[in-house]
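This report goes through the sheets, the chain contact and the charged pairs of one model. The sequence and structure come next.

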Amino acid sequence: MSRAPAPILSVRDLHVRLWTKFGVVRAVNGVSLDLAPGEVLGIVGESGSGKSIAMLAVMGLLDAALVDAVAGSVTVGDRSWNDLTEIEAWSSRSEDLAMIFQDAQTALNPVLTIEAQIVETLKARHGLGRKEARARAIKLLEAVRIPDPQRCLSSYPHQLSGGMCQRVMIAMAVGCEPKVLIADEPTTALDVTVQAQILNLISEIQRESGMSLVIISHDLGVIASIADRVHVMYAGRIVEKGTVQDVFAAPRHPYTQALLACTTRVDDEAAAPRAIPGALPDMREAISGCPFRDRCPIVLPICATEDPELDAVEGHAAACWRMPGADP
Amino acid sequence: MSIPASPSDFALPLLQLDDVCVDFQVPKAQGGKATLRAVRNVSLQVMPGESIALVGESGCGKSTLGRVMVGLIEPSRGSVLYRGRAMNALNRRDQQSARRMLQMVFQNPYGALDPRFRIHRSVREPLDIAGLGSRAERREKVARVLGLVGLGPRHAAAYPKQLSGGQLQRVGIARAIVTSPEVLVCDEVTSALDVSAKIQITELLVELGRELNVSYVFISHDLGIVRQVATRIAVMYLGRIVELMDAASFYRGALHPYSRALLNSVPIPDPQLQRDRLSKILVGEVPSPTDPPSGCAFRSRCPLAQNICREVDPALTPRKGSHLVACHFC
């Protein structure tokens with residue numbers, strides 16, 4: 001079965017093992033995903049689900065000193081990378097991929113003005129001269145609704161609010177004209193009213209430019225705000241995927257159901273949230289069977305021995321032995 | 001009121017803040033110092049058995065106000081009364097015993113614990129400092145309090161780095177309740193936790209509040225979590241309380257344009273409803289607290305603002321029941 005447009009980004013069977021203070025952790029265990037041109041994909045999961053690590057591996061931004069092993073392949077447009085440990089891979093993929101992070105203030109260089117940082121990026125990416133780069137920088141800052149772009153250019157990061165720094169990061173990322181923007185918890189450090197503004201901005205820029213967007217968040221509300229499709233991650237795997245409408249209205253995987261049930265709501269439909277019993281499995285061990293089985297309310301004997309696969313077909317799917325058609 | 005008054009309606013407030021201001025001197029970019037009024041003319045009472053939430057965005061003064069309540073910050077103006085007696089007029093000994101009754105739980109439980117102490121020692125420390133009980137009694141109290149927060153002997157013997165964030169926050173709570181306080185100020189205690197752990201901690205706090213008869217001042221920017229614990233909600237903006245009402249009617253009946261904007265900004269996990277909400281968001285950012293707008297502090301972002309808002313800072317005035325709002329137009 002082939003989808004109508006060829007994916008702009010494809011990840012196949014991504015595995016990442018990382019050194020941590022607790023030993024080697026199997027952070028990502030067989031993640032595959034496809035992103036269509038112009039599509040917004042949300043990746044949701046709790047801390048330790050592997051959502052950020054998977055995308056850092058795709059970018060080629062994992063800290064080499066902490067990597068124990070990376071396997072899998074990444075295809076961007078018509079170029080593929082099968083050896084993700086390769087150092088040069090980052091600079092070649094950076095032409096097509098850009099990433100923004102949770103803490104924009106620390107992602108910027110504290111001793112350089114915003115102008116120096118944007119102009120440096122534009123010169124490196126597009127080979128522009130200083131004057132042209134400055135004019136382009138002002139255009140970009142206007143596009144991200146920074147009220148006084150001239151003043152912003154001469155400011156240092158600490159003189160700007162967290163929301164303004166995130167706007168600058170978005171301007172720098174968009175200025176590189178990436179095919180795919182990966183936004184890792186871009187609003188988590190911001191106040192709610194500013195979070196809403198930044199989500200609107202990212203969504204508008206994505207629609208206007210037609211780039212694809214991957215938004216990573218622990219907050220189901222953030223995913224519901226702008227994503228077309230969502231992947232739910234647990235213990236380094238994708239356990240459910242589908243359109244946001246399908247997954248939020250009729251979640252199939254018991255983990256997705258539990259995650260929705262423990263999310264608080266401020267609107268009228270608020271029901272008492274329920275915590276998920278138990279904890280994430282020990283990620284240092286290779287997990288046999290379903291990683292959610294110890295916390296699962298509908299566990300079967302087979303869940304202890306065999307890991308359910310995520311159905312490869314398009315549309316709404318969950319990696320669970322309870323799903324119709326999942327019989328071994 | 002039509003329903004019979006509960007005993008707490010006749011009780012005296014545990015804590016009473018009258019016209020409290022807190023000023024900080026901060027360095028200006030051009031050199032020299034500026035005065036930052038972090039809390040401006042706040043009057044508030046904490047009644048026995050209630051759980052009052054201070055909500056608002058960063059810089060609104062909610063944490064500073066919480067610190068004033070437990071005596072960690074001295075107000076620049078106004079007074080703080082504990083059971084009707086001014087805190088700063090108490091002698092040293094009475095002040096110390098009052099402070100035992102007013103405890104605080106912090107956002108980052110790992111940072112609030114000494115990494116070299118085993119958990120039982122950290123929890124025992126407040127008793128040691130206060131000189132409460134014999135060694136055996138202290139040991140017994142620590143075990144009992146850890147049991148109350150759902151931790152066992154295995155956790156008591158552990159070091160902070162061996163516990164999860166949720167478990168550490170339980171330790172933070174145990175350490176705060178070990179001196180049997182009457183008021184517990186919880187400053188963003190769920191912010192660093194995953195969704196499920198957030199719910200577990202709020203459930204624990206509600207349960208402890210009932211069991212130990214402790215009142216809460218719950219400081220949080222998370223209105224979804226606040227809904228689970230609060231009985232009253234105070235919304236703060238640039239150091240002022242702009243709306244104060246009971247929690248049950250806040251989520252549908254908040255009147256102040258800032259409260260409504262805040263509620264509308266919290267994303268909800270429903271793609272259709274949420275996209276509609278996002279189309280009606282608040283513009284601008286919180287102005288600098290060293291240079292707040294004249295008149296109403298919210299007027300620079302307010303959809304209802306008129307000329308009067310530039311000139312007159314609206315006072316908190318009563319609406320229906322005990323509902324207070326500081327706005328000229330609602």
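In what order do the eight strands of the open sheet in chain B run, and how are they paired? The order is E6-E7-E8-E3-E9-E10-E12-E11, with mixed pairing. The model is a predicted one.

## Eight-stranded sheet of chain B

The edges of this sheet are strand E6 (102-105) and strand E11 (317-318) of chain B; each has a single partner strand, so one side of each is left without a neighbour in the sheet. Within the sheet, strand E3 (residues 51-55) of chain B pairs with strand E9 (residues 232-237) of chain B in the parallel sense, over four bridges. In this pairing Ala53(B) is opposite Ile233(B) of E9(B).

Two helices can be placed against the strands. Helix H2 (residues 92-101) of chain B packs on the sheet and touches E6 and E7 of chain B. The direction of H2(B) makes about 45° with that of E6(B). H1(B) lies across E3, E6, strand E7 (183-187), strand E8 (215-220) and E9 of chain B. Relative to E8(B), H1(B) runs at about 155°.

## Four-stranded sheet of chain B

Chain B also has an open sheet of four strands, in the order E2-E1-E4-E5, with antiparallel pairing. Strand E2 (33-46) and strand E5 (85-86) of chain B are the edge strands, each pairing on one side only. Strand E1 (residues 15-27) of chain B and strand E4 (residues 77-82) of chain B run antiparallel and are joined by five bridges. Leu17(B) has Val80(B) in E4(B) as its bridge partner.

Helix H1 (residues 62-69) of chain B lies across E1, E2 and E4 of chain B. The angle of H1(B) to E1(B) is about 120°. As described above, H1(B) also lies across strands of the eight-stranded sheet, E3 and E9 of chain B among them.

## Strand pairing in chain A

In chain A, strand E1 (residues 9-20) pairs with strand E4 (residues 67-76) in the antiparallel sense over eight bridges. Leu18(A) stands opposite Val67(A) of E4(A) in this pairing.

E1(A) is also joined to strand E2 (residues 23-35) of chain A, by 10 bridges, and these two strands run antiparallel. E1(A) and E2(A) make a hairpin, with two residues between them. Here Trp19(A) is opposite Val24(A) of E2(A).

## Contact between the chains

How many residues does each chain bring to the contact? Chain B gives 38 residues and chain A gives 42 residues. The area buried between chain B and chain A is about 3400 Å², with carbon and sulfur atoms giving 55% of it. Between chain B and chain A, 15 residue pairs are in polar contact, counting pairs with both residues at pLDDT 80 or more. Zero salt bridges are found across this interface.

On the side of chain B that touches chain A, at least two residues each come from helix H8 (195-212), helix H9 (223-229), helix H10 (247-253), helix H11 (257-265) and helix H12 (271-278) of chain B. H12(B) supplies the largest share, seven residues. By class, the residues on this side of chain B are 17 nonpolar, nine polar and 12 charged.

## Salt bridges

Side chains of opposite charge can pair when their charged atoms come close. Over all chains, the search of the whole structure finds 26 salt bridges. One salt bridge is formed by Arg134(A) and Glu115(A), whose closest N and O atoms are 3.0 Å apart. This pair links distant parts of the chain, 19 residues apart: Arg134(A) is in helix H5 (residues 130-143) of chain A, and Glu115(A) is in helix H4 (residues 114-126) of chain A.

Technical notes
Residues are numbered from 1 along each chain as its sequence is written. Chains are lettered from A and ligands numbered from 1 in the order in which they are written. This is a predicted model: local features need pLDDT of at least 70, side-chain atom pairs count only at pLDDT 80 or more; totals for chains, interfaces and linings use all residues. Side-chain values use heavy atoms; hydrogens and water are left out. Two strands pair if DSSP finds at least two bridges between them. Contact means heavy atoms within 4.5 Å. Axes are lines fitted to C-alpha atoms, for helices over the stretch in contact, and angles run from 0 to 180 degrees between N-to-C directions. Buried area is the accessible area (1.4 Å probe) that two parts lose on being put together, summed over both. A salt bridge is a side-chain nitrogen of Lys or Arg within 4 Å of a carboxyl oxygen of Asp or Glu. A polar contact is a pair of N or O atoms within 3.5 Å; within protein, one must be able to donate a hydrogen and the other to accept it, and residues adjacent in sequence count only if both atoms are side-chain atoms. Ala, Val, Leu, Ile, Met, Phe, Trp, Tyr, Cys and Pro count as nonpolar, Asp, Glu, Lys and Arg as charged, and the others, Gly among them, as polar.
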